[in-house]
Amino acid sequence: MNKTQQELRKKSPVQIRNKKASFLYSFLDTYTAGIVLTGTEIKSIRMGKASLVDTFCYINNGEVWVKNMNISPYFYGSFANHPAKRDRKLLLNKREIRRLAEDTKTPGLTIVPTLLFIDDHGRAKLDIALARGKKEYDKRETLKEKADRREMDRAIKHF
């Protein structure tokens with residue numbers, strides 16, 4: 001990911017993160033995918049009414065799908081409102097899908113959504129990562145590093 005892509009994500013009015021994913025997994029490779037949504041779904045996302053808790057991606061017939069992504073029903077939606085949890089198709093290049101399919105065949109690797117954001121054209125995008133599950137000692141090490149960083153920040157503020 002280059003610097004301009006990172007700047008666009010920071011400018012995005014909506015940034016829904018999967019905080020648990022970085023704790024449970026170590027990321028090997030990241031991709032940015034578009035999402036196939038209905039009208040009420042994009043309106044709910046723009047209001048920030050979405051969650052990436054317990055979401056994962058899978059590949060079916062050469063297509064990447066995200067499962068368990070919760071987008072709350074749109075408040076002003078009528079009979080055409082969407083179901084909150086449904087499988088949503090992700091848009092990636094064939095080359096990227098083929099690479100992900102090959103990589104997920106190896107045991108211990110999975111595809112995890114990390115960030116849902118709105119790009120500069122107003123479209124919803126999902127950052128996904130090829131990830132390997134962390135062991136228990138890796139999780140403890142992550143917590144220790146986080147505590148050390150917090151302690152160093154406190155020490156710097158006092159001076």
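Visitor: Which residue in S7 does Val 64 stand opposite?

Guide: In this predicted model, strands S5 and S7 pair in the antiparallel sense, with three bridges between them. Val 64 belongs to S5, where its side chain points to one face together with that of Val 66, and both of these residues are buried. Across the pairing, the residue of S7 that stands opposite Val 64 is Leu 90.

Visitor: Which residues of S5 point to the face that is not buried?

Guide: In a regular strand the side chains alternate between the two faces of the sheet. Strand S5 shows such an alternation, with Val 64 and Val 66 pointing to one face and buried there. The residues that point to the other face, and are not buried, are Glu 63, Trp 65 and Lys 67.

Visitor: Which residue of S5 is the bridge partner of Ile 59?

Guide: Strand S4, residues 56-60, pairs with S5 in the antiparallel sense over five bridges. The two strands form a hairpin with two residues between them, and Asn 61 in its turn has a positive phi of about 55°. Within S5, the bridge partner of Ile 59 is Val 64.

Visitor: How many bridges join S8 and S9?

Guide: S8 and S9 form a hairpin with five residues between them, and in the turn Gly 122 takes a positive phi of about 85°. Ile 111 stands opposite Leu 130 of S9 in this arrangement. The pairing of S8 with S9 is antiparallel, and the number of its bridges is nine.

Visitor: What is the bridge partner of Gln 15 in S8?

Guide: S8 also runs antiparallel to strand S1, residues 15-17, and three bridges join them. S8 is mostly covered, since nine of its ten residues are buried. The partner that Gln 15 finds in S8 is Phe 117.

Visitor: How many residues does the largest nonpolar core have?

Guide: Among the residues with the most contacts inside this core are Leu 90, Leu 126 and Ile 45. At least two core residues are supplied by each of several elements, including strand S2 (25-35), helix H3 (39-46), strand S5 and strand S8. Leu 126 in turn touches residues such as Tyr 31, Val 66, Leu 90 and Leu 116, if residues up to four places away in sequence are not counted. The number of residues in the largest nonpolar core is 26.

Visitor: Is Ala 33 buried or exposed?

Guide: Ala 33 has its place in strand S2, and beyond its neighbours within four places in sequence it is in contact with Leu 90, Leu 91, Leu 92, Lys 125 and Leu 126. Because its relative accessible area is 0%, while a residue counts as buried under 20%, Ala 33 is buried.

Visitor: Which class does Gly 39 fall in, buried, partly exposed or exposed?

Guide: Gly 39 lies in helix H3, and its C-alpha atom is 8.6 Å from that of Asn 81, although the two are 42 residues apart in sequence. A value under 20% counts as buried and one over 50% as exposed. Because Gly 39 has a relative accessible area of 44%, the residue is partly exposed.

Visitor: Which residues of H3 are buried?

Guide: The cover over the buried residues of H3 includes strands S3 (50-51), S6 (70-71) and S7 (88-91), together with S8 and S9. Just after the helix, Gly 48 takes a positive phi of about 85°. The buried residues of H3 are Thr 40, Glu 41, Ile 42, Ser 44 and Ile 45.

Visitor: Which element gives the largest share of the lining of the second largest pocket?

Guide: The second largest pocket holds about 180 Å³ of space, and 14 residues line it, with Asn 18, Lys 20, Leu 24, Asp 54 and Thr 55 closest to its centre. Helix H2 (19-24) and S8 each give two or more residues to this lining, which by class has seven nonpolar, three polar and four charged residues. The largest share, four residues, comes from H2.

Visitor: What share of the residues of the protein chain count as buried?

Guide: The protein chain has five helices and nine strands, and its C-alpha trace spans about 55 × 40 × 30 Å along its principal axes. Of the contacts with a separation of 6 or more, 65% are between residues 24 or more positions apart. Out of the 159 residues of the chain, the share that count as buried is 32%.

Terms used:
Residues numbered from 1 in each chain as written. Predicted model: local features only at pLDDT ≥ 70, side-chain atom pairs only at ≥ 80, totals over all residues. Heavy atoms only, no water. Core = buried A, V, L, I, M, F, W, Y, C linked by side-chain atoms within 4.5 Å. Buried < 20%, exposed > 50% of the residue type's maximum accessible area, 1.4 Å probe, protein only. Contact = heavy atoms within 4.5 Å. 1 Å grid on protein atoms, 1.4 Å probe; cavity = no way out; pocket = protein on both sides within 12 Å on 5 of 7 lines; lining within 4 Å. Points joined across faces, edges and corners; volume = space filled by probe spheres on them. Nonpolar A, V, L, I, M, F, W, Y, C, P; charged D, E, K, R; others polar. Pairing = 2+ DSSP bridges.
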